[in-house]
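Visitor: I would be grateful for a close look at a single part of this structure, namely the place where its two chains meet. Please describe it in one connected account.

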Amino acid sequence: MTIKYWLDLYAVLIRSSIRSRMQYKFNFILGTVLAATIQIAEFLMISIVLNKFGAVKGWSLYEVGYLFAVMTLAKTLYRTFASDVHHLERYLTTGELDQLLTRPVPILLALMSQNIRLMPGELLQGGAILYWSMHGMISSGQITWLALPYTLFVIVTGGVILFSIGLATATVGFWITRINELQTLTEDAAQTAVRYPLVLYPAWLRSLLLIVIPVGFVGYVPSLFILRGEYGSWLVYGIALLAVICLVISLRFWKFGLTRYQSTGS
Amino acid sequence: MKNTLPMIEVSGLHKQFRTPVVKEGRFAGIRTLFTREYRMKEAVKDISFSIQKGDFVGYIGPNGAGKSTTIKMLTGILHPSSGEVKINGINPHKHRRQVAKRLGVVFGQRSQLWWDLPVKDSYDILAHMYKVAPDEKEKRQGEMGELLDLKEFWLTPVRKLSLGQRMRADIAASMLHDPDVLFLDEPTIGLDVTAKRSIRGFLKKLNSEFGKTILLTTHDMDDIEQLCERVMVINHGQLSYEGTIENLRDKIGLPTLIRVTFHGTYQLPAPQDQCLPVELGLDAERTFQIVDAGSHEVHIEANRQQVKAMDILRMVSGWGEVADIHMEEPDFEDVIHRVY
Amino acid sequence: MLYFSLASKAYARNLHYRGAHMLHNVASALFGYLYACIWIGIGHDRPLGEYGVHGMIGYIAFTQASLWVTGFITNGLGIPEAVRTGQISLDLMRPVHLFVLCMCREWGQIAYQFIYKSLPIYLLYMVLFRLSLPTHWTTLLYTFVALAASAYMSICMNYIIGATSLWTTESNWLFWVNHALMNLLAGFFIPVEWLPSWLQTVSWMSPYPYLLYVPTRIYLGYEQAGSLLGSLAWCIFFTLLCLLVTIVVRRKVEVQGG
């Protein structure tokens, strides 16, 4: 399995995905506009509050916007390329996973190549908020242009962390089949929580979001260095190492889960 | 064409399933989450067989007999509890990807194509996945397109295809990487007569002209009768028959129905001197019976394995002037019903 | 009675998944907890209007629990699914009005969610945040009526969203947009009076405040029974709209054959 092989395959997938969406231009535009609306409504919620009351526990509106944007972009990255990892439950209940097991590629990659989900709405919204918040902080002299490469790097490591959490959650499905509810906890709730500075939460919840479900490392922890210059640049590399460790652990878990796969009875 | 190395070799295959016991009562949902109680179910028990290159074998059995489980073990989807599978000498559970490259698998109940994409795009993706060279892909796509008439819905998204079209597209997709072995799990399920016929014609061609080894499971006995040289019958997880269709028919020994029409009147021999079976030294009860006698017509049931048709003819012509004789072979579905 | 049995079937079907739903409740309760934490953080060194920090926590606790009655309705009342499988033509053939059929099923679902989700989540918050119940029983009665009205409005909105699936495959998005608008305009996280004034105007022109804001205000004792008139008006409006939509749906299915 060479890298080129996968890049080619993904290129074909993305091309056909775009082409099939474009067949129904109205639907594509509608979907994009509506997705962006949702994202903006979500951000409006917090920005209205912060605008009215000012900073929250020492975090400015720009900084919260930054956390929000990094989370959105990292999640977009994860969900674009591993859309169907999140939807493993459907493959388990309908037995569609059988079909993937007949393909001459590793199951996980077969699963990931089932669906490329283009998320222009999220990309647009995340990009816009990131631009707005970084622009604000650069003009006020809080950060320099150097923050940009760090931010892009952190979005990628964040995507990897979210993917690892998503994969580990999906793997539990090999035992309990129904995982939607578990996903609400480990993915939706956890991701929502770390869109805000972790200082808002009591200690037990903070450690939960850093140790048990390490979503805190997607945006919050790196922002301590990137936005506030705390700790040092080693923090970012440490997070990259952590992302790799998470990935390895969840891949191991996934492999183990697969051996428990029973298909849908006889 | 045929050589002696078996294409598919299965020995001592077992599969047990663990099914969780559903609990009743208060907080049942929570309790099932945390405790484990299982019932063991043996889906496949000690199955062994081998299939040669170029064979076309039917694999039949009633619902829940273990057909799909066997197929899933052959294709590497499920791991057997014990026993071994070898496809062209390679174990699909140890080298799943290597074996998958040489396999084509079609499940009638679900599609391997991308639901929202046009048929053509699915083929592009599959070609990449199986590393089929572009010129080779074009060639095979053209061949299959011709044989299965895919052109008319080439650019239609799969979800908009009719069942028959989808099946054709699916089978062609499984041939894209030129596999040696084809597993078909109920490929004609839910199809109309025309669609069935077109698929059967294609499968026949794949076997006879392209030399593919094919294992087919189906509930449609016409599929089996028209396509397969050999059948394997599975019931309660065990093979209950393996051999040619003719042998199966003979083994069950369903009687052939013979209708004899006479010109004018005829004279039946008196029961006590029903000479023929005695002449042949056979048990009259099992082999030969007059079931109905009308004014011009006699219905006879005979087991053809024990009584030759010519003997019956000779005897019948002694009764009167024969106008017409009609023989009805036992219905294959009835034969299978006996095996189950 | 048919309508009741439709509803109770929907209720009973859910009972099978109680275990999984309890896990879901933990997640849902956690969401509310997060929002409460944010308000505690904001209220750390400034007053929060007429509510105060404790009042805001009570506000968030109530809206979060109410979401299971007014917000988490089956996507399009299951109509998009029925359109995809072709079941919709069968549903239209039945001697029961499509709107009534879908509505009855949903009432069963809502009743289940009220008992197994809203109540446990609110009880948890009561213990966790030391909340107290309203002192007068009429307050509880009015709150109940207001919630029932908002559940009805939500059913109507989802019926209309479901109907759009006959025209576009992206009707899913409308469900989520409805959800997002509700978060923003219904006073789910921010009480409506704290929205910028233009957004307040938009909000009060829409039915959204009656879904969460008004019931919550009644419950917390800031609003009198008079505001139920607004809920009533919107209920009547939505009923008429749904009947109209059914006529259009029927025509569409008859022309296209599903």
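Guide: In this predicted model, chain B and chain A bury about 3,200 Å² between them, and 56% of that area lies on carbon and sulfur atoms. Three residues, Arg96(B), Arg110(B) and Met129(B), supply 20% of the area that chain B buries against chain A, more than any other three residues. In terms of contacts, 37 residues of chain B meet 35 residues of chain A.

The charged and polar pairing across this boundary can be stated in counts. Between chain B and chain A there are 2 salt bridges. In one salt bridge, Asp98(A) is paired with Arg110(B), and the closest N and O atoms are 3.7 Å apart. Arg110(B) is also one of the three residues named above for their share of the buried area. The number of residue pairs in polar contact between chain B and chain A is 8, with both residues at pLDDT 80 or more.

Several elements build the side of chain B that touches chain A. Those giving two or more residues are β1 (6-20), α2 (67-74), α3 (96-100), β5 (103-107) and α4 (119-129) of chain B. Of these, α4(B) gives the most, with 7 residues. By residue class, this side of chain B divides into 16 nonpolar, 6 polar and 15 charged residues.

Salt bridges also occur within the individual chains, and a search of the whole structure finds 25 over all chains. In chain B, Asp223(B) forms a salt bridge with Arg200(B), with the closest N and O atoms 2.5 Å apart. This pair links distant parts of the chain, for Asp223(B) is in helix α8 (residues 221-227) and Arg200(B) in helix α7 (residues 193-208), 23 residues apart. Both Asp223(B) and Arg200(B) are buried. Elsewhere in chain B, salt bridges that share partners join Lys120(B), Asp124(B), Lys137(B) and Glu138(B) into one network. Within that network, the closest N and O atoms of Lys137(B) and Glu138(B) are 3.9 Å apart. Lys137(B) is buried, with a relative accessible area of 8%, whereas Glu138(B) is partly exposed at 48% relative accessibility.

Chain A offers a pair of its own: Asp84(A) forms a salt bridge with Arg90(A), the closest N and O atoms lying 3.8 Å apart. Here Asp84(A) is buried, with a relative accessible area of 1%, while Arg90(A) counts as partly exposed at 38%.

How values were computed. Residues are numbered from 1 along each chain as its sequence is written. Chains are lettered from A and ligands numbered from 1 in the order in which they are written. This is a predicted model: local features need pLDDT of at least 70, side-chain atom pairs count only at pLDDT 80 or more; totals for chains, interfaces and linings use all residues. Side-chain values use heavy atoms; hydrogens and water are left out. A salt bridge is a side-chain nitrogen of Lys or Arg within 4 Å of a carboxyl oxygen of Asp or Glu. Buried means under 20% relative accessible area, exposed over 50%, partly exposed in between (1.4 Å probe, protein chains only). Helices (H or I, at least four residues) and strands (E, at least two) are DSSP runs, numbered from the N terminus. Contact means heavy atoms within 4.5 Å. Buried area is the accessible area (1.4 Å probe) that two parts lose on being put together, summed over both. A polar contact is a pair of N or O atoms within 3.5 Å; within protein, one must be able to donate a hydrogen and the other to accept it, and residues adjacent in sequence count only if both atoms are side-chain atoms. Ala, Val, Leu, Ile, Met, Phe, Trp, Tyr, Cys and Pro count as nonpolar, Asp, Glu, Lys and Arg as charged, and the others, Gly among them, as polar.
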